Amino acid sequence: MKPFIPQLVYFEPEALHYPLGKELKEKFENMNIEIRETTSHNQVRGIPGENEWQKYRNAKSTLVVGVRRTLKFDTSKPSAEYAIPLATGCMGHCHYCYLQTTLGSKPYIRVYVNLDDIFAQAQKYISERAPEITRFEAACTSDIVGIDHLTHSLKKTIEFIGETEYGRLRFVTKYEHVDHLLDAKHNGKTRFRFSVNSRYVIKNFEPGTSSFEARLQAARKVANAGYPLGFIVAPIYMHDGWEEGYFELFQHLAHQLKGIDLSTVTFELIQHRFTKPAKAVIQKRYPKTKLDLDENKRKYKWGRYGIGKYVYPDDDAMRLEITMRHYIAQFFPGAEVQYFT
């Protein structure tokens, strides 16, 4: 698929005080993309559309260039100690995505230009924890690879982490646009992960993302560039024929990665889950979705901050985990399964 190009761009005035802000403004002017001004990347108004659906679709192709003022990093997922804030929002239309509710009424894509401030805060966290390793996740609130051909913020972050002794970087993507990252001086300190799934899930629930084949071609490039490689299988979803679908996934993955050093490959396994607010938003934005959001088929699990989610019942979750671990052991015997959740 073609790399993402925004149809509309907003700038915070303060963003133009930074080199990356000036560079992006010049780039978008040369591309004849409409540019507007906004007082804050959190308060973007005037996105075109005659109704909420049109405004949502247009927001997904709107880029906002701003300054990240809150530099306290969030604690991250099971995969890292901190989330490093390079961007927020995504151009993909994955029906199940938790950003549907996390971003709420702000589904537009935001990038932050004060990279030196962000790196200084990251270095502070690294120094506080030294000599322990500090891992940063760069894709908690966005698919950073999908927009980095425009900003190169991720590439700069890879090289910043590559120069640290105790810092490590991780991110995951559904996009193939990795060529500009292949010559980054990563020094083996960035794990490049790809989100993969059964053909059924990708076909029905992941519009606006790169194909499975394109992701695997990108994974080969990344591995050949010396990056540690990983895969996230998420969300693991019990569709009709799911056992065969996921068997095919791992079989095809192993075939396509023949000849690649997979001695340090990792897998992360995440079962499908949803919240009540997410269900309402998903059904509103994607009314024809095939995603099964029947609460009666799920187990209610209390989450952090008192917000509960619907996951598979224990017996189903155990079947999913055992099946995925079996397939991984069969096709990737040296791989590390980092967690199932």
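Biologist: At roughly what angle do the axes of α9 and helix α11 (residues 314-331) cross?

Modeller: In this predicted model, the axes of α9 and α11 cross at roughly 25 degrees and come within 10 Å.

Biologist: Why is α9 called roughly parallel to α11?

Modeller: Angles under 35 degrees count as roughly parallel. The axes of α9 and α11 cross at roughly 25 degrees, and that makes α9 roughly parallel to α11. The crossing of α9 and α11 is right-handed.

Biologist: Which residues make the contact of α9 with α11?

Modeller: From α9 come Trp242, Glu243, Tyr246, Phe247, Phe250, Gln251 and Ala254. From α11 come Arg319, Leu320, Thr323, Met324, Tyr327, Ile328, Gln330 and Phe331. By class, this contact has 10 nonpolar, three polar and two charged residues.

Biologist: What makes α8 oblique to α9?

Modeller: Helix α8 (residues 212-224) packs against α9 at an angle of about 40 degrees, with the two axes 10 Å apart. Roughly parallel requires an angle under 35 degrees, and roughly perpendicular runs from 65 to 115. An angle of about 40 degrees fits neither class, so α8 is oblique to α9. The crossing of α8 and α9 is right-handed.

Biologist: Which residues of α8 and α9 make their contact?

Modeller: Phe212, Glu213, Leu216 and Arg220 of α8 meet Leu249, His252, Leu253 and Gln256 of α9. These residues divide into four nonpolar, two polar and two charged.

Biologist: How many cavities of 30 Å³ or more does a search of the whole structure find?

Modeller: The search finds one cavity of that size. The largest cavity has a volume of about 40 Å³, which means that the cut-off of 30 Å³ is met.

Biologist: What lines the largest cavity, and which helix gives the largest share?

Modeller: The lining consists of Asn197, Arg199, Phe212, Gly245, Glu248, Leu249 and His252. Helix α9 (residues 242-256) gives the largest share, four residues. Phe212, Leu249 and His252 also take part in the contact of α8 with α9.

Biologist: How does the lining of the largest cavity divide by class?

Modeller: The lining has two nonpolar, three polar and two charged residues. Gly counts as polar, so Gly245 belongs to the polar class.

Biologist: What is the volume of the second largest pocket, and which residues lie nearest its centre?

Modeller: The second largest pocket has a volume of about 240 Å³. Of its 16 lining residues, Phe4, Ile5, Lys60, Ser61 and Met91 lie nearest the centre. The lining divides into six nonpolar, seven polar and three charged residues.

How values were computed: Residues numbered from 1 in each chain as written. Predicted model: local features only at pLDDT ≥ 70, side-chain atom pairs only at ≥ 80, totals over all residues. Heavy atoms only, no water. 1 Å grid on protein atoms, 1.4 Å probe; cavity = no way out; pocket = protein on both sides within 12 Å on 5 of 7 lines; lining within 4 Å. Helix = DSSP H or I, 4+ residues; strand = E, 2+ residues; numbered from the N terminus. Axes fitted to C-alpha atoms, helices over the stretch in contact; angles between N-to-C directions. Parallel < 35°, antiparallel > 145°, perpendicular 65-115°, else oblique. Left-handed = near helix turned anticlockwise from the far one by under 90°. Contact = heavy atoms within 4.5 Å.
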